[in-house]
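Reader: Could you take me through how one reads the pockets, the core and the overall fold of a model like this?

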Amino acid sequence: MSRGSSAWSRIQVPEPGTSEHSDAEFDGLAEQLLAQYRPETLWVFAYGSLIWNPEFIYEEQRQATALGWHRSFCLKLTRWRGTPELPALMLALDRGGSCNGIAYRLPAEDHLGQIVQLLRREIDANPPTNVPCWIKLRTRDGPLRALAFVAAPEGRAYAGRLALEQVAHTLARAAGHWGSSAQYLFRTVAKLEESGIRDRNLWRIQDLVARQIIASTEAQRQG
């Protein structure tokens, strides 16, 4: 599908009531974050696709735990890995519990530029539902403060706390021009496992999604 097609253009359009951030808005948001906390060492906490596709240069990685936050498929997407007709679900940090992930230490220069790059990658719309903030992490080498992206419950794309079966039903079916939601799930689970991190909810969702895909494939063959 070419970028000039009407279908491609339609799935690129933000949801009604939202817009794209301008360059100035991304710069301003990064400056606000650095006004809140200006670290000597910039750490970023990864819990989803940033683990297997960080798209930034890093100098060190550590396993880390975010206390007071948990990994959740709580963001609705109508593009990227979903469509307006069949929205996808994406991971974010939601309030409560804890989350094991990876802390990345970024190079010690141009923190503003590095944060802007992260904002462009992670924030889907304006106003955003996946919002950046500084959170505290626990690691074997001591506590850290890192930049992370968390769900804003008042955001338009916030899907709430869904049953695992409902999440699996969505992930088994949704897809967009970046690929399927099932692929996003499987890559995240595989990288977590490679890093020695086991999230029992994600493993349960993976099993449910696999069963649904197999059942759908068999039904199509029989039909």
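**Pockets, core and fold**

Author: Strand 1 (43-46), helix 3 (49-52), strand 3, helix 4 (111-122) and helix 6 (181-194) each give at least two residues to the lining of the largest pocket. Please keep in mind throughout that this is a predicted model.

Reader: Which element supplies the largest share of the lining of the largest pocket?

Author: Strand 3 does, with four residues. The volume of the largest pocket is about 600 Å³, and of the 33 residues that line it, those closest to its centre are Ser49, Met90, Arg121, Glu122 and Trp178.

Reader: How many residues of each class, nonpolar, polar and charged, are in the lining of the largest pocket?

Author: A lining can be read by class as well as by element. Here the lining of the largest pocket comprises 17 nonpolar, seven polar and nine charged residues.

Reader: What volume of space lies in the second largest pocket, and which residues line it?

Author: The second largest pocket holds about 180 Å³ of space, and the residues lining it are His70, Arg71, Ser72, Phe73, Arg161, Leu162, Leu164, Val167, Asp199, Asn201, Leu202 and Ile205. Strand 2 (60-77), helix 5 (164-171) and helix 7 (200-222) each contribute at least two residues to that lining, with the largest share, four residues, coming from strand 2. By class, six residues of the lining of the second largest pocket are nonpolar, three polar and three charged.

Reader: Turning to the interior, which residues have the most contacts inside the largest nonpolar core?

Author: A core is read through the buried nonpolar side chains that join one another. The largest nonpolar core has 64 residues, and Phe45 and Phe73 have the most contacts inside it. Strand 3 (residues 88-105) provides the largest share of this core, 10 residues. Phe73 also appears among the residues that line the second largest pocket. Over the whole chain of 223 residues, 48% count as buried.

Reader: How many helices and strands does the chain have, and why is it described as being as compact as a globular protein of its length?

Author: The chain has seven helices and seven strands, which follow the pattern α-α-β-α-β-β-α-β-β-α-β-β-α-α along the sequence. Its radius of gyration is 18 Å, close to the 17 Å that the globule rule gives for 223 residues, and the chain is therefore as compact as a globular protein of that length. Taken along the principal axes, the C-alpha atoms fill a box of roughly 60 × 40 × 30 Å.

Reader: Among contacts between residues at least 6 apart in sequence, what percentage join residues at least 24 apart?

Author: In this chain, 76% of those contacts join residues at least 24 apart.

Key:
Residues numbered from 1 in each chain as written. Predicted model: local features only at pLDDT ≥ 70, side-chain atom pairs only at ≥ 80, totals over all residues. Heavy atoms only, no water. Core = buried A, V, L, I, M, F, W, Y, C linked by side-chain atoms within 4.5 Å. Buried < 20%, exposed > 50% of the residue type's maximum accessible area, 1.4 Å probe, protein only. 1 Å grid on protein atoms, 1.4 Å probe; cavity = no way out; pocket = protein on both sides within 12 Å on 5 of 7 lines; lining within 4 Å. Points joined across faces, edges and corners; volume = space filled by probe spheres on them. Nonpolar A, V, L, I, M, F, W, Y, C, P; charged D, E, K, R; others polar. Rg over C-alpha atoms; globule rule 2.2 N^0.38 Å. Contact = heavy atoms within 4.5 Å.
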